[in-house]
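Open the model in your viewer and switch to a cartoon view. This tour goes from one selection to the next and says what to look for at each stop.

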Amino acid sequence: MKKTGILNAPLNAAIGRLGHGHLVVIADCGLPIPDGVEAVDLALVQGIPSFADVLDALLAEIVVEGSVMAEEAGGTAVERRLQAVELSPETVTHEEFKAMLPSVRLIVRTGEATPFANVILRCGVSF
């Protein structure tokens, strides 16, 4: 058994396939997931796991060189959490955010029910 880090086997495998420039979405439980995009659904019940829990777990596993959030999340706990983990996301409208989804590599669905609790993370490299 794995000792530390993400224990969810499908999520672990998906993370292992990520490379520089790939996009990963941490999604609230209501964000539509396009057909053909790999998705790992962690949602158990509303609120579990939270956006913040999944964000923290992913940031411990991947290198992030950029991020995007919906401008509608501005001034909310979502934006404050992203700033607290030293992400300075670009902003687009929620409709533009959803239009980006077909081009992402992985969507991780949380149980978060806070409106606009979504972020796109752009993978970087550690060297």
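## A tour of the sheet, two helices and three salt bridges

Select Arg109 to begin: its relative accessibility is 22%, so Arg109 counts as partly exposed. Keep in mind that the model is a predicted one.

**Stop 1: from Arg109 to Asp41.** Show the side chain of Arg109 together with that of Asp41. The two form a salt bridge, and their closest N and O atoms are 2.7 Å apart. This pair ties together distant parts of the chain, since Arg109 belongs to strand S5 (residues 106-109) and Asp41 to strand S2 (residues 38-41), 68 residues apart. Asp41 is partly exposed too, because its relative accessibility is 47%.

**Stop 2: the whole sheet.** Now hide the side chains and select the strands. How many strands form the open sheet, and in what order? There are 6, in the order S2-S5-S1-S6-S3-S4, and their pairing is mixed. S2 and S4 are at the edges; each has a single partner strand, so one side of each has no neighbour in the sheet. On average, neighbouring strands in this sheet are turned by 20 degrees against each other, direction ignored.

**Stop 3: strand S3.** Select residues 64-70, which make up strand S3. Is this strand mostly covered or mostly open? It is mostly covered, with 5 of its 7 residues buried. Next, add residues 119-123, strand S6: S3 and S6 pair in the antiparallel sense over 4 bridges. To follow this pairing residue by residue, pick Gly66, whose bridge partner in S6 is Arg122. Then pick Val64, which stands opposite Cys123 in S6.

Go to the other pairing of this stop by selecting residues 90-92, strand S4. S3 and S4 pair in the parallel sense over 3 bridges. Here Val68 is the residue to click, and its bridge partner in S4 is Glu90.

While S3 is on screen, a general point may help with the side chains. In a regular strand, side chains alternate between the two faces of the sheet.

**Stop 4: from S3 over H3 to S4.** Keep S3 and S4 selected and add helix H3. Together, S3, H3 and S4 make a β-α-β unit, and the unit is right-handed. Follow the chain past the end of the helix to Glu86, which sits in the loop between H3 and S4. Phi of Glu86 is near 65 degrees, a positive value in a residue other than glycine. Glu86 is exposed, because its relative accessible area is 73%.

**Stop 5: helices H2 and H3.** Leave H3 on screen and add helix H2. The axes of these two helices come within 11 Å and cross at roughly 20 degrees. H2 is therefore roughly parallel to H3. The crossing of the two is right-handed.

Now turn the side chains back on for Arg81 and Asp56. What do these side chains form where they meet? They form a salt bridge, at 2.5 Å from N to O. This one also links distant parts of the chain: Arg81 is in helix H3 (residues 77-84) and Asp56 in helix H2 (residues 51-59), 25 residues apart. Arg81 is partly exposed, with a relative accessible area of 25%, and Asp56 is partly exposed as well, at 33%.

**Stop 6: a salt bridge inside one helix.** Select residues 94-100, helix H4, which holds both Lys98 and Glu95. The two residues are 3 apart, about one turn of the helix. Their side chains meet in a salt bridge of 3.2 Å, N to O. Lys98 is partly exposed, with a relative accessible area of 26%, whereas Glu95 counts as exposed because its relative accessibility is 54%. By the rule used here, the count comes to 5 salt bridges; those at Arg109, Arg81 and Lys98 are among them.

**Stop 7: two loops.** Select Pro49, in the loop between S2 and H2. A cis peptide bond joins Ile48 and Pro49, with omega about -10 degrees.

Finish at Phe116, in the loop between S5 and S6. Phe116 has a positive phi of about 65 degrees, although it is not a glycine. Phe116 counts as partly exposed because its relative accessibility is 28%.

Conventions: Residues numbered from 1 in each chain as written. Predicted model: local features only at pLDDT ≥ 70, side-chain atom pairs only at ≥ 80, totals over all residues. Heavy atoms only, no water. Salt bridge = Lys/Arg side-chain N within 4 Å of Asp/Glu carboxyl O. Buried < 20%, exposed > 50% of the residue type's maximum accessible area, 1.4 Å probe, protein only. Pairing = 2+ DSSP bridges. Right-handed = clockwise from strand over helix to strand, strands pointing away. Axes fitted to C-alpha atoms, helices over the stretch in contact; angles between N-to-C directions. Parallel < 35°, antiparallel > 145°, perpendicular 65-115°, else oblique. Left-handed = near helix turned anticlockwise from the far one by under 90°.
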